[in-house]
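The exercises below invite the reader to examine a protein structure step by step. Each task is followed by a worked solution.

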Amino acid sequence: MVFEPTVSVMEQDALTVFFGKVQSALISFANAVMNVIEIVPPWVRVLFIPFFLFTLLFWIWVLRKVYIHSWKKRMLRLDASKSVDRILSRIIKLFSIVNLNRDLNETPLQYGQRVYKESGIDVSDFIEVFNKSKYAKIGPSVEDIKLGIALYGNVVDYIKGRLKWFNLLKYFWFV
C-alpha cells in the first residue's frame, strides 16, 4: 500500500512562496514603522504612547460589543431549549465571580432563591423557564429567551458594581 500525500509538491511550494511573501511584507512593514519612529522627534513619540493605548482600548471595547451582540443574536437563532440552558449556565458562571456558586446539592429553584436573598436579583422567572424546558420538555418562547438575555444584562451590571477595579480589569472580557 502506497501512501500518497494530501498536499502535492506544487501546492506545498505555492504555500511556501505565499508565506514567504507574507513574512517579507510584515518585515518590511515593521522596518518602515521603525524608520518613522526614528525620524520623529521625542515629544511626538511620547504623545504616541497615549494615542496607541486609547486606540487599543477603543478596539477592545468595539470587539467586546460586537462579541456580545453576536452572542445575543446566536442565542435567538439557536434551538430555544439550548439557548435557555446556555444563558442560565452563563449567568451561573457570572455569579461565581462574586462567590455565588451553585452548590451540587442545590436545585435550580433553591439556587435562584439563594441568589435573590444574597444579591437582590430575581432569577426565579428564568429558572422556571429553564425547569419547564429541561424537565417538562415545554419549549420556551422567543420572549423567554429575550427575558434571559435581559436578565444576563442585569447580572452583568450587578457584577460590575460589586467588583473592584483590579478584578474588573481581570474579568473585563467576561463581564
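**Exercise 1.** How are helix 2 and helix 6 oriented to each other, roughly parallel or roughly antiparallel?

*Solution.* The structure is a predicted model.
Step 1. Take the angle: helix 2 and helix 6 pack at about 150°, and their axes are 9 Å apart.
Step 2. Apply the cut-off: angles over 145 degrees count as roughly antiparallel.
Step 3. Helix 2 and helix 6 are therefore roughly antiparallel to each other.
Step 4. Add the handedness: the crossing of these two helices is right-handed.
Step 5. Identify the residues. Helix 2 contributes Arg64, Trp71, Lys72, Met75 and Leu76, while helix 6 contributes Val142, Ile145, Lys146, Ile149, Tyr152 and Lys160. By class, the residues of this contact are seven nonpolar, no polar and four charged.

**Exercise 2.** State which elements make up the protein and in what order.

*Solution.*
Step 1. Count the elements: the protein has seven helices and zero strands.
Step 2. Read them from the N terminus on, which gives α-α-α-α-α-α-α.
Step 3. Turn to the whole chain: 25% of the 175 residues count as buried. Among contacts with a separation of 6 or more, 59% are between residues 24 or more positions apart.

**Exercise 3.** Describe how helix 3 meets helix 5.

*Solution.*
Step 1. Locate the helices: helix 3 spans residues 80–97 and helix 5 spans residues 124–134. Their axes come within 10 Å and cross at roughly 135°.
Step 2. Helix 3 and helix 5 are therefore oblique to each other, and their crossing is left-handed.
Step 3. List the partners: Ser81, Val84, Asp85, Ile87, Leu88 and Ile91 of helix 3 meet Phe126, Ile127, Val129, Phe130 and Ser133 of helix 5. This contact comprises eight nonpolar, two polar and one charged residues.
Step 4. Consider one of the partners, Ser133 in helix 5. Ser133 counts as buried because its relative accessibility is 9%, and the cut-off is under 20%. Leaving aside residues up to four places away in sequence, Ser133 touches Ser81, Ile138 and Pro140.

**Exercise 4.** Which helix gives the most residues to the largest nonpolar core?

*Solution.*
Step 1. Recall a general tendency: in soluble globular proteins, nonpolar side chains tend to be buried together.
Step 2. Characterise the core: the largest one has 30 residues, and Ile87, Ile91, Phe95, Val155 and Ile159 are those with the most contacts inside it.
Step 3. Find the contributors: at least two residues each come from helix 2 (42–77), helix 3, helix 4 (108–119), helix 5 and helix 6 (142–162). Helix 3 gives the most, with nine residues.
Step 4. Examine Phe95. Apart from residues up to four places away in sequence, the residues that Phe95 touches include Leu100, Tyr111, Val115, Ile121, Val155 and Ile159.

**Exercise 5.** Are Asn99 and Lys137 buried or exposed?

*Solution.*
Step 1. Place the residues: Asn99 lies in the loop between helix 3 and helix 4, and Lys137 in the loop between helix 5 and helix 6.
Step 2. Compare each accessibility with the cut-off for exposed, which is over 50%. Asn99 counts as exposed because its relative accessibility is 66%. Lys137 counts as exposed because its relative accessibility is 68%.
Step 3. Inspect the backbone. Most residues other than glycine have a negative phi. Asn99, although not a glycine, has a positive phi of about 60°, and the phi of Lys137 is a positive value near 60°.

Note on methods:
Residues are numbered from 1 along each chain as its sequence is written. This is a predicted model: local features need pLDDT of at least 70, side-chain atom pairs count only at pLDDT 80 or more; totals for chains, interfaces and linings use all residues. Side-chain values use heavy atoms; hydrogens and water are left out. Axes are lines fitted to C-alpha atoms, for helices over the stretch in contact, and angles run from 0 to 180 degrees between N-to-C directions. Helices (H or I, at least four residues) and strands (E, at least two) are DSSP runs, numbered from the N terminus. Angles under 35 degrees count as roughly parallel, over 145 as roughly antiparallel, 65 to 115 as roughly perpendicular and the rest as oblique. A crossing is left-handed if the near helix is turned anticlockwise from the far one by less than a right angle, and right-handed if clockwise. Contact means heavy atoms within 4.5 Å. Ala, Val, Leu, Ile, Met, Phe, Trp, Tyr, Cys and Pro count as nonpolar, Asp, Glu, Lys and Arg as charged, and the others, Gly among them, as polar. A nonpolar core is a set of buried Ala, Val, Leu, Ile, Met, Phe, Trp, Tyr and Cys residues joined through side-chain atoms within 4.5 Å. Buried means under 20% relative accessible area, exposed over 50%, partly exposed in between (1.4 Å probe, protein chains only).
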